[in-house]
Structure formats: structure tokens, C-alpha cells
Amino acid sequence: MNLSIKATRGSDTARSAHKKLAPLAAVAADAPRTRRSTGRVTDARGSQLARAGFTSSI
Amino acid sequence: MSDPAIQQLVLKIHSRCDLACDHCYVYEAADQTWRSRPTVISEETLDQVARRLSEYVVARKLESVTVILHGGEPLLVGPARLRRICAELTRALCPVTALDLRIHTNGVRLNRDHLRVFDEFDVKVGISLDGDRAANDRHRLDRRGRSSYDRVVRAIELLRLPEYRHLYQGLLCTVDVANDPVAVHDALTALDPPRIDYLLPHSTWDAPPPGREPGGSATPYADWLLRIFDRWEEQGRLMPVRTFDSVLSTLRGGPSLTEALGLAPSDLAVIETDGTFEQADSLKTAYEGAPATGYDVFRHGFAEFAEHPGVRARQSGLAGISETCRRCPVVQSCGGGLYAHRYSAERGFDNPSVFCADLKGLVEGVAERITERALHPAVADADELRLAQLELDRSLLARANAALAGRPEWDAAWRLLVRLDSDESSASHLNTVLTHPYLRPALRRSLDGPADLPRLMATVTAAGVLAGAEATLSWDQPGRDLHLPALGTLRLSAPGRVECAITADGLRVGGTGSDGGELTAEWRPLESVELTDGPPLLLDDADPHRDCYPVPVAAPLPPSDLALFGKRLRAAHEALDDRRPGWREGVNVPLITTVTPLAPGGGLRLGSHAFGALGVAVDFEPEEFVRELPLLGREFRLRALGEVTDLAVPGSAAGRLLDEASAWVGRAVADEDDAVESLRRARHALDALAHRPGSELTESGAHLADEMREELAVPHG
Ligand code: SF4
């Protein structure tokens, strides 16, 4: 089946941003800078997944 | 039944060890009860443990439970016995909960026979290794004084084979500050572990840790760990390091990830080879009999164990720690350290950790290292804030790509993304989808646990559709609702292998359902509402990740209700324009692009990590809207800035005071009724902020504080 989906108007940011952004392919996912900046929203773990794990060597 | 449940069981299956590590807490510590215990857990004890645990899991309706096979050295029971133990636990627990079975071993004896058993029962293997050869041989010798290093590394090599890699849980390293930290960390990372845990050596106030030389550093353990932290950062955090991840999580307001740090309630039980319940194993370092409870699986269940005063004491968060710790600025991250490390004969456990100075140094050192101090342009410019938020989502997407690379369906999606991104006009469509607020919760979840591949595939499809790119993507769609973010929902005839062929004219959806039939789809687009002034608002009542508000969201609305909701929203904006003509100007205007209907009674709310989204209850009052939206604008900006830069050192009091000041300044400026009280509180918070050490606020945070002081100075003198 074919759906024709009408394009919504892009946000102003979306249209003006292209020139200022680093190309997606060039974003180094593991670079310290990337980790540092994404860390602000990823470092705090979701409470459901986190568990204060048992810690003991053997 | 509201107490924290016991969800982790450390099960001692063998009470002897084939190594004689001098730092071992079982054999070398105060508690010598191991001498009187059976060497191997009996079938009868094991059956009873399994039965008690499954009863408890059912009574508490636990979705998952972790059982860690431990010792002594658990591999000493031999592969045949090991198989029976795993089989019995699986038989008893798998029908009632998700069983997470693990083993902690010294690795010396690990061979393919063990690994076949672990593969059969999906037992994850954690191995103790103290670093490079020199570091490991400092303590981890066998009874004849021989090195264990080569045997352990051989075991790890086995675990790294493709057929066993999924069983490799990680490495546990006991810190010895006499070792070179970077050499230790590099040696461990060379073994490519999925995670590393650095453990402080077991000590108490009566038996303090080694390494504190007169005239030396007051914080040798913090110094040692922070050198590894720097190395780990420099490597791009190649694998999780639980010690650091826990500090980072708590500094950013999340939960702690290890019992050694933070205030999370203890959810751990230990059962010895004779079936006796003990509290945390590490208590063996404190005094003879310290971990004992007097309970055993033959006479007692887990519920009784959970009621034991010693267990309860470790579940009471702030109330359960020493007075010094309660007043400590880093208590959320440190939590007084590992319980056993607090012990002194004089005061029992009512002390800070014997590692107090080190733990404080570690937390503060990490906080300082992750703080961005320079003034961020987004503080003074809303366009910069939007751009920085978009950049953040693109970085998160790149990280998700790194995690998913190699899966053919995702690789095809990523190629499409890169193609869309390379051309200015298609990139604007891509960025429209990437700026959609509910992508962030999906990306965060994908980085925090198993990736939400269907959601990410749908996101790429949405971008492709908007850009009119030619591409075909297919993936396994687990449910019937396939939501294209920012666009709408495809209701499939069944879940299954969906195929989305994108062309310049639109989208052709096909594929094979799990019922074997050909997939068909109905399309429900998202609506938007045109405002008299400003860009239209997207009404998103369907995105599966919109559930990020502190109150429940409404189910997708029928068309007539949605139209009415949109109308009322437009009228409320008009009322706001009328009553507060200047509200759209200034730095605190809320940058809302998307409104999500909330369940009745929910009021107006901001979502968590959803830049641009506003939740509005389906039964909102226009008065409430006019009053609350400008106030939310301030909170929105503060939160959004906090996601792209640091306003204060994470975890510091200055960050909390800044939030408080902002809330009261907002009320003082807006509140006609109670401006005097709001003003007083705003000034109070700003004064308290001024008395914090200057280094706690970053330049961005100081800019905001100055801005608020000016605001208060103008209208209210
Ligand atoms: S740093 Fe010291 S005082 Fe602070 S919480 Fe940790 S052990 Fe307690």
C-alpha cells in the first residue's frame, strides 16, 4: 500500500542548522568530547535498569 | 510490603579456595567461620535455597532476580555439580521470574567444560584479576606461592572466543596503590572486558588500608583511581567502569550502581554452603561473626531475612549513615562507602568510611573533571540553545550508531542518514526529525540498555519520508503500532518483518506478519495547531516515548477531542498574549514545539529530557495556562541549558540553589498575589548562592545568577 505523507514545515533550527553542524558521519562517538557532552544526559542511569550491584572480588 | 526487596543472592557453593590471596576477606579476615562449614553445598541445601527464593519471588512479584554463584572458589565444585546447581536454580526460578545467573571466579580452573555449562544456562562470568602480571602476583598466588596470572589470562582468552563472548561479564580488580594505575588499567582493557569494577581493599578503622605513608598523599586511593579515570576518559570510556559510572550517575542526579557507593538500599542476601543466611560478605572483615544473622534456609525464608535489623540498617538511606556522612556534601555519590569499611570496635558502623578522605577526593575529582566552566553561547541566545540541543541529539545518535554498527538492517539505516545529512535540503528534513522532543528519551534508553532498534529504524524512515529519499528499510517490528516520530502512526495488520519502501511520492509499507500474512497498514497522522502568532505546535498524542512526564499522559485522543484540545490551546495562547503581552520576548520564553495531552488533572508539565515538549492535561484551565506557562519557561531554559553545559559543578549545592533562585524569581516577577514572599525567598536563595565558594558556579551559572539579580533589582528595587 502506498501512503503519501504530507511533509510538515521544518523547524527554523532544522533549516538553518546545516552549515553550522559537524557532518553526522564525522561525529566521533567515543571521543572524550562527545562522551563528555552526551554524558550530561546519559550518565544518570534510569532507575529501573540500575541496581546497586554486589561488589566483591574472589 | 513496601520495603526494598531482596533481589540479589550471593550463593556460596564451595567454601574453599585454590588461591591464597593475602587480601582475601574470607580466609584472611577476622571472621573465620568458613572453617566449620561444609566444603560444598549439599543437594538438600540447594533445593531448599531454590524453593525459598522462588516462594519469595512469587510473593513479592519480582520481575527479576540475580543469583551470583560464589565461594571460596565456586569452580572447585566441578562441572558436573555446577551443572546440577544451575539446572536446579533454573528449574525453580525461570518459570516465575527472569533469572540473571552469574558466577564470580578466580578463573584459575576455568575450562571448556565449565563454559559449556554456563552457555547452557546463560551464566555470566566475572573474573578477579588485579591488573598486569606484576600487580596480580603481588597478592594472587596459589598455596605453593606460584603466580596465577597465566592461568587466569588463559581463562579470559577462552571467554573472549566468539562462542563464549556473551558469557563474559567483566573483570573485578582489587586496588593496590603500590601498583602503577595506568599499567593496571591498560592490562585490564587489553583483555577487552565488557566492564571493569575497581574495588577498594577490605579494611576497617581498626585495620586500616595499606598505602598511607607518613608524609605521603592523604588520599592515595583517590589519586590512584583518578589517574585511571583520566586514562579511561582519554580512551573514550571504552567499557563501563562501575566505580566511575556510579559516581557519574549520582553526580548527574541518578541512582548509584554499586553497593560500595551511594545511598541505594541494600538488596543483597548471602547464603553459605550450610544454608545459613548472612549479610554482606564484606562484613567478614569487621569482626568474628559480623555477617551472621542466626537465620538459615531450613527454618527461615527471604522475607524474614529481609526483616533482620542488620539488613534493615542498610536499607534506610540517609538515616542509616553516620552524622558526619549525613552532613557531607558528596553524600549522594559516596553514601558513606561500603558498609564494612565503616566499622570500628568502638562505634560499630556509626562512622564514615575508613576511606572517607579518598572517597570525597574521588567524587570531587570526578566532578571537577567533568565540569565545563566556560561561558556557553546558549546562555544568552535561544538560537544557540536550539542548535546545541540538536547537536546533542546528533551526538547521541552517533553513539547509538557505534553501539549498533554491524547489524545489517541498522547499517542500511545509517547509510541513509549519512546520505540525507550530506545535502542541505534533505539535511533540514533529517534535522526536523532529530529535533523532535521524544527522540531523546528513545536514544537515552538505547544507550542505557538494549538498543530500541525498531524505534531508531522508524526515526530514520520518518526522516527519509520527509526528505523524499529513495530507500528501503526493513526490520522486525515487535508491535502493531509503528510510530514515525513527528509524523504519525502506522497501524499494521500484525507485528512482523516490516518493509518500508520510501520514494519521492511517499511510503509503501509491506512485509510479512508474524501470522504469515502480508502486512497492510492504516495511517494516523499527527495533527498540529496553528497559533495566531509564532510557528504551529505539533500535537503529539501517539509517540510511544512521550511518557516522560511526572504524571501520566493521555491515551491517543479521538479526532473530535483532539480538535477541541487544539482549539482550547489556541485560545489559551491568545489569552496569554492578551494578559501578558511581553511574554514571548526575553530569554525565558519557553521554546515549545510539541504539546502532548496529559491525563486529566495533570496540569502543565515539562517532560524529562524532551527539549521542546510541553505536557498539558486534557482538562487544563485557561487561567492555569496563563499563569504557569511563563513560569515553566524559566525552568525549561534552566533544564535545557543544563543538558548542553554545566551551570555549576555537578552535585554541588550551588546547582540546587540556582534552581531554587530561578523558581522564586519567576514567581516574584509574575506573581501578583504573593510577590513579597516570593521576592524574599528569591533573595534568600541568591544570597546563599553568593556565599558558596566561587568555584562552584561556572561562568554560565554565574551569568544566570547575575541576570536574576538584575531582574530583581529593576522592578522591585
Ligand atoms: S566522603 Fe566521608 S563523610 Fe562523606 S559520605 Fe563519604 S564517608 Fe561519609
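Which helices of chain B each supply at least two residues of the shell around the ligand? They are α12 (331–334) and α13 (356–370) of chain B, where helices are DSSP runs of H or I with at least four residues and strands are runs of E with at least two, numbered from the N terminus. This is a predicted model, in which local features need pLDDT (the predictor's confidence in each residue, from 0 to 100) of at least 70 and side-chain atom pairs count only at pLDDT 80 or more, while totals for chains, interfaces and linings use all residues. Residues are numbered from 1 along each chain as its sequence is written, and side-chain values use heavy atoms, with hydrogens and water left out.

**Ligand shell**
- The residues around the ligand, each with a heavy atom within 4 Å of it, include B:Cys325, B:Cys328, B:Cys334, B:Cys356 and B:Lys360.

**Helix α20 of chain B**
- Helix α20 (residues 622–644) of chain B has 23 residues and should span 33 Å at 1.5 Å a residue (times one less than the number of residues), which agrees with the 32 Å between its end C-alpha atoms.
- In α20(B), a kink of about 30° lies at B:Glu628, shortly before the proline B:Pro630, the bend being the angle between axes fitted to the seven residues ending there and the seven starting there.

**Chain A**
- Chain A has two helices and one strand, in the order β-α-α along the sequence.
- Chain A averages a pLDDT of 76, with confidence lowest in helix α1 (residues 12–17), at a mean of 68, and highest in helix α2 (residues 32–42), at 90.

Conventions: Chains are lettered from A and ligands numbered from 1 in the order in which they are written.
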